[in-house]
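Here are some notes to read alongside the structure, written as numbered points. Please keep the 3D view open and find each element as it is named.

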Amino acid sequence: MQRTYIKELKNKVGEEVSISCWVDIRRDHGKLIFVDLRDMSGKVQAVALPNHKEAVAVASTIRPEWVVEVTGKVNPRPEKLVNKNEENGAIELEIISINVLNEALTPPLDPRGDGREIDEEVRLKYRYLDLRRPRMQKNIRNRHKVLKFVRDFLDKEGFIEIETPNLTKSTPEGSRDYIVPSRLEQGKFYALPQSPQQYKQLLMAAGMEKYFQVARCFRDEDTRGDRQPEFTQLDMEMSFPTQEEIIQLNEKMMIELVKTIYPEKEIQQIPFPRLTYKEAMEKYNSDKPDLRKDKNNPNLLAFCWVVDFPMFEKTDDGKWTFTHNPFSAAQPQHIEDLMEKKNIENILAAQYDIALNGCEIGGGSIRNHKPEALKKVFQIMGYEDERIENNFGHMLKAFEMGTPPHGGIAWGIDRLIMFLENEPNIREVIAFAKTGEGKDLMMDSPSEVSTEQLKELGIKIDKPEKKK
RNA sequence: GCGGUAGUAGCAUAGCUGGCCUAAUGCGCCUCCCUGUCACGGAGGAGACCGUGGGUUCAAAUCCCAUCUACCGCGCCA
């Protein structure tokens, strides 16, 4: 018989159906046995009655988390037996037969509660069980809805999704890179992208005009409650934009996203308030201020744009470095100063961040599309011509070949969903998350590789200091 | 790299001012009973040597040292 999903059962009262599902729990009353059954669409109570002797016999052997195919008749419950707390509390499935598709060991963790009390090590090691809990099912399914929404939204706005390489080039600026050894050129390495920044700008050089990507990014830095070694950005870039256009477009996307997928949420202020970096620092001592008027309201979303960032800041050893992104353009009134390398501390970048409830969830800028201007940025930071050429020559070259003015933004999708789902930690919205030390406890990675693999790559391991 | 917290049966905890711990409780697990429960109920049972290594002591889950792991935060995160 064809499979019926559990959420459909309430429309099939009186019919005989077959469902495929997991055993949530069994309540054995001897002559009759109740079994709560669960599939991706919902839960339902099934009952093995004394008149189906075989059904009772099988029902008494099945255990939580077994996978079963149950054939039965959908019955309405007598009024006094209706459970108003359950979605399917008004019906039950009278079991005709049970086909056990797979048994299950006693689970090392209970996948039924919200898992908050279970040790993170256990949850991550048995992630496939942990993901069965309703909370994680909801988070991952809503994550899909969010991604679907932004893809549809941007598609309607004329953007196309373009995949950019994960095997790319290490640039020593910014975050530490994850590197991948090359087999064909021993001693050389790819790097995993910290973001698709350079590729997306080169796509603007390529005339794609409106690009976006749900992009995996990799940063080899220590983790936090809102940081993982690999994470997902909604990355976008467009040609010929004004800062205002990008802000408006993204604000509209976010408002519609919240209204569509999280109607219970309240956006504190629309249009989103805007602060200059200076105001934010003076008023809130933060460039990602928490503007919530009621911090106890779990459904309150206080978005806020922070604009007018200084382009450069001093490092500890007194050199200039970029505050956010070396590719950001100076604001028009400061371009002359940039080109003349003067008043450096006062140059403002066409840079905008977006904060949500005190967390940075996105940032972008109008880029420097003039090769001379980009070169000046690197010169101010003290880079030698050779280093500029080696690391960014491809960008400068592209900018010399008709690259349009362009700009964009990147959203931290995991963080955004973390707030939308009221989760305290980014791991709760990532299916297979890593620990604070960047380990995948389920796969047991990172792991050692064979001497053959190393030999092929021309790699010799200098004895690690820590040994297991 | 630094600081803090934690590590006791499958899970969550208690015990931790050393001896009454031959380690307790709840959930789960196993056996039996139960015709209406809804994370049913009842009776019985198995299961940890207390993260790991070392030390102090007549005696250590309990004190000390080291180490590993996880979590939170700082540094770091174009």
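1. Two residues are said to be in contact when their C-beta atoms, placed from the backbone, lie within 7 Å. Please bear in mind throughout that this is a predicted model. With that meaning of contact, Asn-142, Lys-145, Val-146, Phe-149, Val-150 and Phe-153 in helix α4 meet Met-253, Glu-256, Leu-257, Thr-260 and Ile-261 in helix α6. Sorted by class, this contact of α4 with α6 holds 7 nonpolar, 2 polar and 2 charged residues.

2. How should the arrangement of this helix pair be described? Two packed helices are described by the angle between their axes and the distance between the axes. Here the axes of α4, which covers residues 134-156, and α6, which covers residues 243-261, come within 10 Å and cross at roughly 135°. Angles over 145 degrees would count as roughly antiparallel, and α4 and α6 are therefore oblique to each other. Their crossing is right-handed.

3. A second pair, helix α9 (residues 371-380) and helix α10 (residues 385-399), packs at an angle of about 160° with the axes 9 Å apart. The two helices α9 and α10 are therefore roughly antiparallel to each other, and their crossing is right-handed. On the α9 side the contact is made by Pro-371, Leu-374, Lys-375 and Phe-378, while α10 contributes Ile-388, Phe-392, Met-395, Leu-396 and Phe-399. By class, the contact of α9 with α10 has 8 nonpolar residues, no polar ones and 1 charged residue.

4. Turning to the strands, which of them form the barrel, and in what order? Five strands close into it in the order β1-β2-β3-β5-β4, with mixed pairing, and the twist from one strand to the next averages 55°. Within this barrel, β1 pairs with strand β4 (residues 67-76) in the antiparallel sense over 7 bridges. To trace this pairing in the view, look for Val-17, whose bridge partner in β4 is Gly-72, and for Ser-18, which stands opposite Thr-71 in β4.

5. Strand β1 also pairs with strand β2 (residues 33-39), again in the antiparallel sense, this time over 6 bridges. One of the bridge partnerships to look for is that of Asp-28 with Ile-33 in β2. The hairpin of β1 and β2 has 4 residues between the strands, and in this hairpin Gly-30 takes a positive phi near 85°.

6. The model also contains an open sheet of 8 strands, in the order β6-β9-β10-β19-β18-β17-β14-β12, and its pairing is mixed. At the edges stand β6 (160-161) and β12 (274-276), each with a single partner strand, so one side of each is left without a neighbour in the sheet. Helix α5 (residues 197-205) packs on this sheet and touches β9 (210-218), β10 (230-239) and β19, with its direction making about 20° with that of β10. Inside the sheet, strand β18 (residues 359-366) and strand β19 (residues 406-412) run antiparallel and are joined by 5 bridges, and the bridge partner of Ser-365 in β19 is Gly-408.

7. Which residues come closest to RNA strand B? Altogether 52 residues surround this strand, and the closest are Gly-30, Asp-119, Gly-174, Asp-222 and Gly-436. The elements that give two or more residues to the surface near RNA strand B are β1 (16-28), β3 (42-48) and α2 (120-125). Divided by class, the residues of that surface are 13 nonpolar, 17 polar and 22 charged. Gly-30 is thus a residue to look at twice, as one of the closest to the RNA and as the glycine with positive phi in the hairpin of β1 and β2.

8. Finally, a few details of the backbone deserve a careful look. Most residues other than glycine have a negative phi, and most peptide bonds are trans. A cis peptide bond joins Ile-270 and Pro-271, with omega about -5°, and Pro-271 lies in the loop between β11 (266-267) and β12. Another cis peptide bond joins Ser-445 and Pro-446, with omega about 0°, and Pro-446 has its place in the loop between α11 (413-420) and α12 (451-457). Asn-343, a residue other than glycine, has a positive phi near 55°, and it is found in the loop between α8 (335-340) and β17 (351-356).

Definitions and conventions. Residues numbered from 1 in each chain as written. Chains lettered and ligands numbered in written order. Predicted model: local features only at pLDDT ≥ 70, side-chain atom pairs only at ≥ 80, totals over all residues. Axes fitted to C-alpha atoms, helices over the stretch in contact; angles between N-to-C directions. Parallel < 35°, antiparallel > 145°, perpendicular 65-115°, else oblique. Left-handed = near helix turned anticlockwise from the far one by under 90°. Nonpolar A, V, L, I, M, F, W, Y, C, P; charged D, E, K, R; others polar. Pairing = 2+ DSSP bridges. Near = placed C-beta within 6 Å.
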